[in-house]
Amino acid sequence: MFGFVKPLLKYRLALMLIIAAVLAKVYQREVVDIFKSAAGRYLDIAGKQEDAESVAVEFTDTDKDTRGSILTPEELATYNGENGRPIYLALLGVVFDVSRGLKHYGPGCSYNYFVGRDASVSFVTGEFENYDPVTADDVLTLKSSDLLELAKWQQFYEKDYEYKGKLVGRFYDKNGQKTSYHHKYLALLDQAKTAKAEIDELRNKYPGCNIEWSEAMGTRVWCTPTSGDGKPRSWSGYPRKLYNRDNKNFHCACVPEAELSDPMFKSYDNCDSRAVECFYRV
């Protein structure tokens with residue numbers, strides 16, 4: 001049946017290397033074409049020989065999309081674990097098989113809400129009651145910190161579950177290519193990462209304050225030579241508001257006296273500029 005290989009035996013080493021490459025999926029379609037060509041030459045020769053044995057050869061095309069499938073929302077919805085079906089979910093347009101997490105994603109379980117759909121927003125809002133396909137994956141409305149949290153969730157699924165493909169919708173088109181919406185998301189995510197890196201750098205330079213709350217006094221913030229990360233330093237500093245880039249949120253930072261005039265630091269209301277502790281109520 002495989003008589004066409006005989007003429008190639010003198011090239012045994014090359015043949016073995018090619019077969020190994022096929023098994024390793026290195027050459028894919030190119031190797032298939034080589035074997036098709038070899039088979040064709042053999043059949044031509046065999047047809048001219050007397051008593052030639054008929055040869056039936058079947059080839060499998062290995063040039064398949066190794067990146068996974070492209071699913072529509074309707075197709076994704078069928079992967080709900082019912083009647084033995086696998087359990088899929090999508091996050092930021094990427095589809096994962098979470099079947100092995102049945103105790104989390106099965107019917108009646110805590111994360112079943114995410115099954116068969118892309119509900120990316122709920123990963124950070126914790127809203128599991130009402131699913132609205134129009135807004136469920138509209139992540140551009142989220143805060144920078146939420147985008148960073150979503151990126152962590154995506155890393156978790158990439159590590160712990162099997163990637164299955166892409167979902168046609170906001171993030172990928174019908175050909176599996178990134179949409180303009182997807183590129184906007186990636187740009188915002190990069191901005192969020194940059195902002196966080198800047199904040200982390202400031203937090204390392206200006207340690208956080210000690211904080212406590214009591215009903216009688218409200219919130220107390222104060223600085224010591226070990227406040228913040230607990231590592232001792234040669235100065236205590238003074239409590240100041242250090243705002244994030246959005247100028248809406250801040251944290252208490254201990255600032256050395258020589259840098260108190262920097263405009264990025266704001267004093268607490270009703271607190272002396274040289275006070276080592278301040279009180280306020282939210």
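These are my notebook entries on helix packing, cores and two backbone angles in this predicted model.

**Entry 1: the H6 and H7 pair**

I started with two helices, H6 (residues 144-160) and H7 (residues 180-205). Their axes lie 9 Å apart and make an angle of about 105 degrees. Angles of 65 to 115 degrees count as roughly perpendicular, so that is how H6 and H7 sit to each other.

Next I looked up who meets whom. H6 brings Ser-144, Leu-147, Leu-148 and Ala-151, while H7 brings Tyr-185, Leu-188, Leu-189, Ala-192, Lys-193 and Lys-196. Sorted by class, this contact has seven nonpolar residues, two charged and one polar.

**Entry 2: H7 by itself**

I checked the length of H7 against expectation. Its 26 residues, at 1.5 Å each, should span 38 Å, and the end C-alpha atoms are 38 Å apart, so the two agree.

Which residues of H7 are buried? I found Tyr-181, His-182, Tyr-185, Leu-189, Ala-192 and Ala-195. These buried residues pack against H6.

**Entry 3: the cores**

I then turned to the largest nonpolar core, which has 28 residues. Val-98, Tyr-105, Val-139 and Tyr-157 have the most contacts inside this core. Strand E2 (88-91), strand E3 (94-97), H6 and H7 are the elements that each give it two or more residues. H6 supplies the largest share, five residues.

I followed Val-98 a little further. Not counting residues up to four places away in sequence, Val-98 touches Ile-87, Leu-89, Tyr-105, Tyr-157 and Tyr-161. There is also a second, separate core of nine residues, and Cys-252, Tyr-268, Ala-275 and Cys-278 are among them.

**Entry 4: Gln-154 and its contacts**

Gln-154 in helix H6 caught my eye. Buried means under 20% relative accessible area, and Gln-154 has 17%, so Gln-154 is buried. Leaving aside neighbours within four places in sequence, Gln-154 is in contact with Leu-91, Leu-92 and Val-94.

**Entry 5: two positive phi angles**

That contact list led me to Leu-92, in the loop between E2 and E3. Phi of Leu-92 is near 55 degrees, a positive value in a residue other than glycine. Is Leu-92 buried or exposed? Leu-92 counts as buried, because its relative accessibility is 2%.

I noted Asn-270 too, which is not a glycine yet has a positive phi of about 55 degrees. Asn-270 is placed in the loop between strand E9 (265-266) and strand E10 (277-280). With a relative accessible area of 84%, Asn-270 is exposed.

Definitions and conventions. Residues numbered from 1 in each chain as written. Predicted model: local features only at pLDDT ≥ 70, side-chain atom pairs only at ≥ 80, totals over all residues. Heavy atoms only, no water. Axes fitted to C-alpha atoms, helices over the stretch in contact; angles between N-to-C directions. Helix = DSSP H or I, 4+ residues; strand = E, 2+ residues; numbered from the N terminus. Parallel < 35°, antiparallel > 145°, perpendicular 65-115°, else oblique. Contact = heavy atoms within 4.5 Å. Nonpolar A, V, L, I, M, F, W, Y, C, P; charged D, E, K, R; others polar. Core = buried A, V, L, I, M, F, W, Y, C linked by side-chain atoms within 4.5 Å. Buried < 20%, exposed > 50% of the residue type's maximum accessible area, 1.4 Å probe, protein only. Expected span 1.5 Å × (residues − 1).
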